[in-house]
Amino acid sequence: MGLLNFLFGNKTNTITDFKDRDAIILDVRTKGEYQQGAIAGSKNIPLQTLNTKIDYIKKLNKPVITCCASGMRSANAASILKRNNIEATNGGGWQSLQKKL
């Protein structure tokens, strides 16, 4: 086990676990960014509107994998979801996440 995996966990294993439990892929980029390319079947809720969609996401009753362009906004989104008692993990940039799915 590498030092980073020991310190931060293995993101690929977490993504696989979430995917096996029918997780929702939540893309938090802007609508314009999302329209330029996205993971098939993902939901687009831009980070700036995420707080207004918490109840909607809770009603889906599924774990959430967040993604964006680089992983920064999706890390913030995963943190917001976790604070609202939603099981979430940061999937990072959507293109690299797509390769893991």
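Here a trainee and a mentor talk through a predicted model of a protein.

Trainee: What average pLDDT does the protein have?
Mentor: Remember that this is a predicted model, so confidence is a good place to start. Of the residues, 88% score at least 70. Over residues 1-9, though, pLDDT stays under 50, and the model has three contacts beyond four places in sequence for that stretch. The protein's average pLDDT is 90.

Trainee: How many helices and strands are there?
Mentor: Walk along the sequence and you meet the pattern α-α-β-α-β-α-β-α-β-α. Count up the letters and you get six helices and four strands.

Trainee: In what order do the strands line up in the sheet?
Mentor: Start with β1, residues 24-27, which is joined to β2 by two parallel bridges. β1 also pairs with β3, again in the parallel sense, over four bridges. The sheet is open, and the order across it is β2-β1-β3-β4.

Trainee: Which strands stand at the edges, and why is one side of each left without a neighbour?
Mentor: Strands of a sheet pair through backbone hydrogen bonds, either parallel or antiparallel. Each edge strand here has a single partner strand, so one side of it has no neighbour in the sheet. Those edge strands are β2 (43-44) and β4 (88-93).

Trainee: Which residue in β3 is the bridge partner of L26?
Mentor: Let's look at how β1 is laid out before we get there. I24 and L26 point one way from β1, I25 and D27 point the other way, and all are buried. On the β2 side, D27 has N44 as its bridge partner. In β3, the bridge partner of L26 is T66.

Trainee: Which element gives the most to the largest nonpolar core?
Mentor: In soluble globular proteins, nonpolar side chains tend to be buried together. This core has 15 residues, and L26, L50, I57, V64 and L81 touch the most other members. α4 (54-60), β3 (64-68) and α5 (72-83) each supply at least two residues of the core. The top contributor, with four residues, is α5.

Trainee: Which residues does L81 touch, if we skip those up to four places away in sequence?
Mentor: L81 is one of the core residues that touch the most other members. Setting aside residues up to four places away, its list is L26, L50, I54, I57, V64, T66, I86 and A88.

Trainee: How many residues are in the second, separate core?
Mentor: Among its members are I15, A23, I39 and C67. The size of this second core is nine residues.

Trainee: Is I39 buried or exposed?
Mentor: I39 sits in the loop between α3 (31-35) and β2. Leaving aside neighbours within four places, I39 is in contact with I25, Y34, C67, W94, L97, Q98 and L101. Buried means under 20% relative accessible area. I39 has a relative accessible area of 6%, so the word is buried.

Trainee: What distance separates the C-alpha atoms of I39 and K99?
Mentor: These two are 60 residues apart along the chain. In space, their C-alpha atoms are separated by 9.9 Å.

Trainee: At what distance from the ring centre of F18 does R21 lie?
Mentor: Don't go looking for aromatic pairs, since the structure holds zero of them. What you can find is R21 lying over the face of F18. Its distance from the ring centre is 5.1 Å.

How values were computed. Residues are numbered from 1 along each chain as its sequence is written. This is a predicted model: local features need pLDDT of at least 70, side-chain atom pairs count only at pLDDT 80 or more; totals for chains, interfaces and linings use all residues. Side-chain values use heavy atoms; hydrogens and water are left out. pLDDT is the predictor's confidence in each residue, from 0 to 100. Contact means heavy atoms within 4.5 Å. Rings of Phe, Tyr and Trp (its six-membered ring) pair if their centres lie within 6.5 Å; planes under 30 degrees apart count as stacked, over 60 as edge-to-face and the rest as tilted. A charge sits over a ring if NZ of Lys or CZ of Arg is within 6 Å of the ring centre and within 35 degrees of the ring normal. A nonpolar core is a set of buried Ala, Val, Leu, Ile, Met, Phe, Trp, Tyr and Cys residues joined through side-chain atoms within 4.5 Å. Buried means under 20% relative accessible area, exposed over 50%, partly exposed in between (1.4 Å probe, protein chains only). Two strands pair if DSSP finds at least two bridges between them.
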